[in-house]
Amino acid sequence: RPDEIIFTPNGVSIEEINKAVEIGVTINIDNISILEQFGNIHGSKVPICIRLNPHILAGGNYQISTGHIDSKFGISIHQLRHVERIVESTGLKVNGLHMHTGSEIKNIDVFLRGVDILFEATSYFKELDFIDLGSGFKVASAPDGDATDIEALGKALSEKFNEFCKEYGRELELWFEPGKFLVSEAGIFLAKVNVVKQTTATVFAGVDSGFNHLIRPMFYNAYHHILNVSNVSGVERIYTVSGYICETDNFAWDRKITEIKEGDILVFQNAGAYGFAMASNYNSRLRPPEVLINNGEAHLIRKRENLEDNLRNEIEIVL
């Protein structure tokens, strides 16, 4: 159902947002300019959510920290008076407040600080239906890795939220968008070892992939646990797992992995978010197939690309 989707764009045109209005999704606006344009066009006819920037630095990497003072995301909490003027002058109906401080957040205090800020901001909006804390739950990336304590967060938030609703004078809904938390561990990425190369300092396991398929290790310095499924019980050695792109596209440095031979299959865990969604055809490399495993049965859900796929949208011209 469209109304169960929240559209939270950043830096898009008002035309794109109007298309989302036609579809019927929940609109989440994160800047003053679009807020004013939207109000002048739609007035009170289309309820909106407003994304606020709480000025909280959080997240596992600066590139996925989205709630700090230098972030492009959200309307600063110090601009609420300006927001109020636009809402009053255009007749906008604000039915939700939203924030998202980043991803890979282990410390539940970040969420508790954020919700307190949103509670304060509600004084400007008397007809809210929900508060949305976005997401950012940390998933354990290694077997002994840390993760967000969801139970502790739920207990602390429930107490705060129930007390707030009494003070606000109406029962609101508390929303989360735990996309990565739900799908990260559901996906794995398989790559074949093309070459084992020993230099004067390093043993490389070069695979038939690169950051064109799984960019997170290079882009975010993200850790993905790697297993050699062709030699599960072998002796561990130290490898740097690298790709075939014409840049240093290492998936892992100096990683302990059971002995690797050319032709072995390596599995990269926690590739459900975000693997294929961030893949590209960089270096004219083709994207791999996707297979869904359901009740032990494999289903091909996306075909392997071929060269024709890569060239399909190119237009030949004569000069």
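The following exchange asks why certain labels apply in this predicted model.

Student: What are the ground rules for the numbering and the atoms?

Tutor: Residues are numbered from 1 along each chain as its sequence is written, and side-chain values use heavy atoms, with hydrogens and water left out. As the model is predicted, local features need pLDDT of at least 70 and side-chain atom pairs count only at pLDDT 80 or more, while totals for chains, interfaces and linings use all residues.

Student: Why is the pair F161 and F164 called tilted?

Tutor: Rings of Phe, Tyr and Trp (its six-membered ring) pair if their centres lie within 6.5 Å; planes under 30 degrees apart are stacked, over 60 edge-to-face, and the rest tilted. The centres of F161 and F164 are 6.2 Å apart and the planes stand at 35 degrees, so the pair is tilted. Both residues lie in helix α5 (residues 150-168), 3 residues apart, about one turn of the helix. Helices (H or I, at least four residues) and strands (E, at least two) are DSSP runs numbered from the N terminus.

Student: Are F161 and F164 buried or exposed?

Tutor: Buried means under 20% relative accessible area, exposed over 50%, and partly exposed in between (1.4 Å probe, protein chains only). F161 has 7%, so F161 is buried; F164 has 6%, so F164 is buried too.

Student: What makes the pair of F211 and Y282 stacked?

Tutor: The ring centres of F211 and Y282 are 5.3 Å apart and the planes differ by 20 degrees, which is stacked. This pair links distant parts of the chain, 71 residues apart: F211 is in the loop between β9 (203-207) and α7 (216-220), and Y282 is in the loop between β13 (265-268) and β14 (290-294). F211, at 15%, is buried, whereas Y282, at 32%, is partly exposed.

Student: How many aromatic pairs are there in the whole structure?

Tutor: A search finds 13. Ring pairs also link F111, F137, F176 and F181 into a cluster.

Student: Why does C49 form no disulfide?

Tutor: A disulfide is a pair of cysteine sulfur atoms within 2.5 Å. The closest cysteine sulfur to that of C49 is in C165, 15 Å away, so the distance is too far for a bond. The structure holds 0 disulfides. C49 is buried, because its relative accessibility is 0%, while C246, at 61%, is exposed.

Student: What makes the contact of E84 with R81 a salt bridge?

Tutor: A salt bridge is a side-chain nitrogen of Lys or Arg within 4 Å of a carboxyl oxygen of Asp or Glu. For E84 and R81, the closest N and O atoms are 2.9 Å apart, and the contact is a salt bridge. The two residues are 3 apart in helix α3 (residues 80-90), so about one helical turn separates them.

Student: Which other salt bridge links distant parts of the chain, with R237 as a member?

Tutor: R237 forms one with E259, at 3.9 Å between the closest N and O atoms. R237 lies in strand β11 (residues 236-242) and E259 in the loop between β12 (250-258) and β13, 22 residues apart. R237 is partly exposed at 36%, as is E259 at 32%. The structure holds 12 salt bridges.

Student: Why is L182 called exposed?

Tutor: The relative accessibility of L182 is 61%, so L182 counts as exposed. L182 is placed in helix α6.
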